[in-house]
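Q: Please take a close look at the aromatic rings of this model. I would like a connected account of how the rings pair with one another and where charged groups sit over them.

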Amino acid sequence: MIILGISALYHDSACAVLVDGHVVSAAQEERFSRRRFDQAMPTRAVRACLRDAGVRISDVDHVAYYERPERKLARQLWMGLPALPETSPAALFRLDADRPFRQIEELLGFTGPVTAVGHHEAHAASAFYQSGFRTSALFTADAVGEWTTTSYGRGGPDGVELLEEVAFPHSLGLFYSAVTSYLGFAVNSDEYKVMGLAPYGSPRYAERLARLVQDEDGGQFRLDLGYFDFSGHGPMFTDRLADLLEGPARDPESEITQFHTDVAASLQEVLEAILLRKLRHLHRETGDSCLSYAGGVALNCVANRRIREEGPFEQVFVQPAAGDSGGAIGAAAMVHHSLTGEFEPRRLTDVKLGPRGDTGRTRGWLRRAGVPYSDFTGDEAGLLDRTAALLADGAVVGWYQGRMEFGPRALGARSILADPRDAQMRDRINALVKKREAFRPFAPAVVEERCEEFFELAEPSPFMLDTTTVRRGADLPAITHVDGSARVQTVNSAQDARFHGLLSAFGRRTGFPILLNTSFNMRGEPIVAGPVDALVCFVRSDLDVLVLGDHLVLREDIPGHWAERLEELLPYRRPPISRDVYSFL
Ligand SMILES: [Fe+2]
């Protein structure tokens, strides 16, 4: 039974191929189109994943679509046709509930059966069917999907059942996005920056912000709509928010002051408090000790830590592609279950589910272009030792290995790696490639078996979805946040033998089997997908070393004029995100 799951035409388009219930391939369209958060029908990702899975579109038994378009259209009409991102009347085609089905046939060439599942059901299923739990409480929270913003449910051998939903416009995701916008950051994109800013502040405004989210019976809550504008026509907040906080909205390019960090800390506090209250309700309702959790809000790893430490559930599984891309996996898993009735609890342990790309071809191009490289084919120990030596010497390394990660995080397949002991490293990487705000922390990857020596982490954290306290923060300044925390990724050799080997080799040299690990991309661009993307990013970014599979290239061996030519060839592409308006389309 081959099922193709599709998430498209809203935020972060993606696809997933399930064979007999197993996810064998999954990827986001943005990686291939090189357009960040690409919303288009994921034609490129589908082509790549089918090839990766060794099947053709004609072999697919069923397509599962991650939301019910007519429900979304009803909400859009109720909102009074939100502002269209383009001014042309052609933009009206977005308000067409048949479009996904037409495009599945016309663009993907699939003429078999298509089943659409609810948006939050897809989120819930994406977590439950990858959690490994036999039964579980289910929780989803995002900005909005169709009419729903939050849902509570139960999963088990009979499937996924939602018990209660909170309806638009009362939304934790939109609440967080609105204050993100007030703080001068892009909505549906930069919420994680606000989370990173929060530890610099104190939650002085938490009481005031808490007034905007009124707790109600059961799973319900209400936003005070006097403070928000979710019409999609302008800023997401009204003047009353500035009055309440006694400060104007921050201009995006202006300085970040203590006031802004205090608002960020307050927002984070209010979000965490309401999540904890609602999860206690869910726990009482279901009586289950396990929680499966997804939706964009589940990417808030600071809140996830509190859910794990203070929440009512003994075990918590957060689906790593918690945003809309993960809906592709959830929809496919739901349809698989409903068609076959099969249920076999299995825990997702690795998100390297995307295509691997052919590094052999790049080697040929390098050779023909006369660029020297070291070839470690058949000598993995040599590759790891050389790379670890360069890292310990201060090199910033672009690391491209094997299958691409699914979801928002680079976890050692498409990563930029560096020495976490160097206090200057954060600024250096920002200057080289990231060009991002200095306050944002970088995350560490650590070998799982020695994790507890360096981090207060009771269980493995393979997906970087949780923060924890760094035990030896003074030794690890490049990955330790201002509050002594880090968003840690644990790596074991079964998940990724080569990355584990590199961390171990670095540990043998330095005593710290830990590397700073950030995504392999230029600012504002998607993470690299294929080896050519990696080479292009390497050339444009001034990284010191590129490791492409078994091959190692040094910056000094790249001809100087390459970077200039590439800049001419690749004009910066703006992501389809507006700074202050949530895209409701
Ligand atoms: Fe969603």
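A: In this predicted model, the structure contains 14 aromatic pairs. One of them joins Y65 and Y66, whose ring centres are 5.4 Å apart and whose planes meet at 85 degrees; the pair is therefore edge-to-face, since planes over 60 degrees apart fall in that class. Y65 is buried, because its relative accessible area of 1% is under the 20% cut-off. Y66 is likewise buried, with a relative accessible area of 1%. Beyond this pair, ring pairs connect Y65 and Y66 with F101, so that the three residues belong to a cluster.

A further edge-to-face pair is formed by Y129 and F343, with 6.4 Å from centre to centre and 65 degrees between the planes. This contact links distant parts of the chain, the two residues being 214 residues apart. Y129 belongs to helix α5, which covers residues 119-131, whereas F343 lies in the loop between α12 (327-340) and α13 (359-369). Both Y129 and F343 are buried.

Charged side chains also sit over aromatic rings. The charged end of K72 is placed over the ring of Y10, at 4.3 Å from the ring centre. In a second case, R555 lies over the face of F538, and the distance to the ring centre is 4.7 Å.

Terms used: Residues are numbered from 1 along each chain as its sequence is written. This is a predicted model: local features need pLDDT of at least 70, side-chain atom pairs count only at pLDDT 80 or more; totals for chains, interfaces and linings use all residues. Side-chain values use heavy atoms; hydrogens and water are left out. Rings of Phe, Tyr and Trp (its six-membered ring) pair if their centres lie within 6.5 Å; planes under 30 degrees apart count as stacked, over 60 as edge-to-face and the rest as tilted. Buried means under 20% relative accessible area, exposed over 50%, partly exposed in between (1.4 Å probe, protein chains only). Helices (H or I, at least four residues) and strands (E, at least two) are DSSP runs, numbered from the N terminus. A charge sits over a ring if NZ of Lys or CZ of Arg is within 6 Å of the ring centre and within 35 degrees of the ring normal.
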